[in-house]
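Please look over the structure below. This report covers strands, charged pairs, a buried side chain and a surface patch.

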Amino acid sequence: MLRLMLAKYNLTMEDTFDADLCGWAVTSGEWHVMTIDSNVDNSSGLDGETTAQYTAGSYDGGTLEKTVWLDNYGEISFEHYVQNNEPYLNGEGQVIRIPNYLRFYVDGILKLEVEGPSPWYRCNPIGLSPGRHHLKFEYDLNGGNRELKKGVVDTITIHEAKDIPSLITTYYPPAPIKTLAQNKVLRGFSIYQEMTESDTKIEF
């Protein structure tokens with residue numbers, strides 16, 4: 001049996017921190033919405049034109065948490081930036097930096113760790129299974145001058161799969177539906193999959 005599925009995705013969450021923390025709770029330390037240009041290194045967002053204002057950031061370190069619910073499989077991604085402009089001279093006169101860290105957890109499992117300094121970057125999508133998930137950002141200052149270090153996140157998005165009718169055809173012997181496959185043009189958040197009876201659910 002051959003199963004052809006066109007899986008489309010809906011944008012179910014987009015947190016851009018334009019006015020507040022968008023339901024994210026500060027559970028330890030300090031996180032806040034950066035409403036002024038506080039980037040002493042003149043860093044800019046991914047568009048390369050504007051400064052990184054209206055983002056969620058931390059200078060002193062702390063955790064930012066939120067619980068979400070998915071009815072279907074999905075994925076989360078976000079922009080991140082870790083500033084570290086603190087020079088440090090060791091005993092041999094070499095300039096080094098004490099690293100700071102931005103970490104992201106899903107249900108208590110570490111999914112991403114960014115060591116500073118690190119420029120603006122949008123992370124690769126992280127898979128989420130159906131059900132309840134606890135999300136957490138942790139910024140670790142790791143000592144040093146807080147005015148020259150910080151962790152920042154922005155534009156946190158969740159795309160969730162949308163169930164649509166599937167075409168199921170049985171062949172003896174099995175053979176692909178070539179005409180259907182050739183006529184499908186997929187764009188955006190669309191995925192074309194061919195599945196058989198032996199396929200199992202996707203593990204994230």
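The sections below start with the sheet and end at the surface.

## The open sheet

This is a predicted model. In it, 5 strands form an open sheet. Their order is β2-β5-β13-β9-β10, and the pairing is antiparallel. In general, strands of a sheet pair through backbone hydrogen bonds.

Which strands stand at the edges? They are β2 (25–29) and β10. Each has a single partner strand, so one side of each is left without a neighbour in the sheet. From one strand to the next, the twist averages 20 degrees.

## The β9–β10 pair

Strands β9 and β10 run antiparallel and are joined by 6 bridges. Arg-103 has Glu-113 in β10 as its bridge partner. Their side chains also meet, in a salt bridge of 2.6 Å from N to O. Arg-103 belongs to strand β9 (residues 101–106) and Glu-113 to strand β10 (residues 109–115), so the salt bridge ties together parts that are 10 residues apart in sequence.

Are the two partners buried or exposed? Arg-103 has a relative accessible area of 15%. Buried means under 20%, so Arg-103 counts as buried. Glu-113, at 43% relative accessibility, is partly exposed. The charged contacts go beyond this pair: salt bridges that share partners join Arg-103, Glu-113, Glu-138 and Asp-140 into one network.

## Salt bridges across the chain

How many salt bridges does a search of the whole structure find? It finds 7. One of the salt bridges is between Lys-66 and Asp-15, with the closest N and O atoms 2.8 Å apart. This pair links distant parts of the chain. Lys-66 sits in strand β5 (residues 62–70), Asp-15 in strand β1 (residues 2–15), and their positions lie 51 residues apart in the numbering. Both Lys-66 and Asp-15 are buried.

Another salt bridge joins the side chains of Asp-60 and Arg-146, at 2.4 Å from N to O. Here both partners come from loops. Asp-60 is in the loop between β4 (55–58) and β5, while Arg-146 is in the loop between β13 (131–140) and β14 (149–162). The pair therefore ties together parts that are 86 residues apart in sequence. Asp-60 is partly exposed, at 40% relative accessibility. Arg-146 is partly exposed too, at 34%.

## Phe-78 and its contacts

Phe-78 is part of strand β6 (residues 74–84). Is Phe-78 buried or exposed? Its relative accessibility is 1%, so Phe-78 counts as buried.

What does Phe-78 touch, leaving aside residues up to four places away in sequence? Its contacts include Phe-104, Leu-112, Tyr-121, Ile-126, Phe-137, Val-153 and Ile-156. Among them are also Arg-122, Cys-123, Asp-154 and Thr-155. Asn-124 is 46 residues from Phe-78 in sequence. In space, the two C-alpha atoms are 8.3 Å apart.

## A nonpolar surface patch

Which residues form a nonpolar patch on the surface? They are Tyr-88, Ile-96 and Ile-98. Together they have about 240 Å² of accessible area.

Ile-96 lies in strand β8 (residues 95–96). Its relative accessible area is 36%. Patch residues need over 30%, so Ile-96 passes that cut-off. Ile-96 is classed as partly exposed.

Note on methods. Residues are numbered from 1 along each chain as its sequence is written. This is a predicted model: local features need pLDDT of at least 70, side-chain atom pairs count only at pLDDT 80 or more; totals for chains, interfaces and linings use all residues. Side-chain values use heavy atoms; hydrogens and water are left out. Patches are made of residues with over 30% relative accessible area and no salt bridge: like charges are joined within 9 Å, nonpolar side chains (Val, Leu, Ile, Met, Phe, Trp, Tyr) within 5 Å. Accessible areas come from the Shrake-Rupley method with a 1.4 Å probe; for residues, only the protein chains shown count as cover. A salt bridge is a side-chain nitrogen of Lys or Arg within 4 Å of a carboxyl oxygen of Asp or Glu. Helices (H or I, at least four residues) and strands (E, at least two) are DSSP runs, numbered from the N terminus. Buried means under 20% relative accessible area, exposed over 50%, partly exposed in between (1.4 Å probe, protein chains only). Contact means heavy atoms within 4.5 Å. Two strands pair if DSSP finds at least two bridges between them. Axes are lines fitted to C-alpha atoms, for helices over the stretch in contact, and angles run from 0 to 180 degrees between N-to-C directions.
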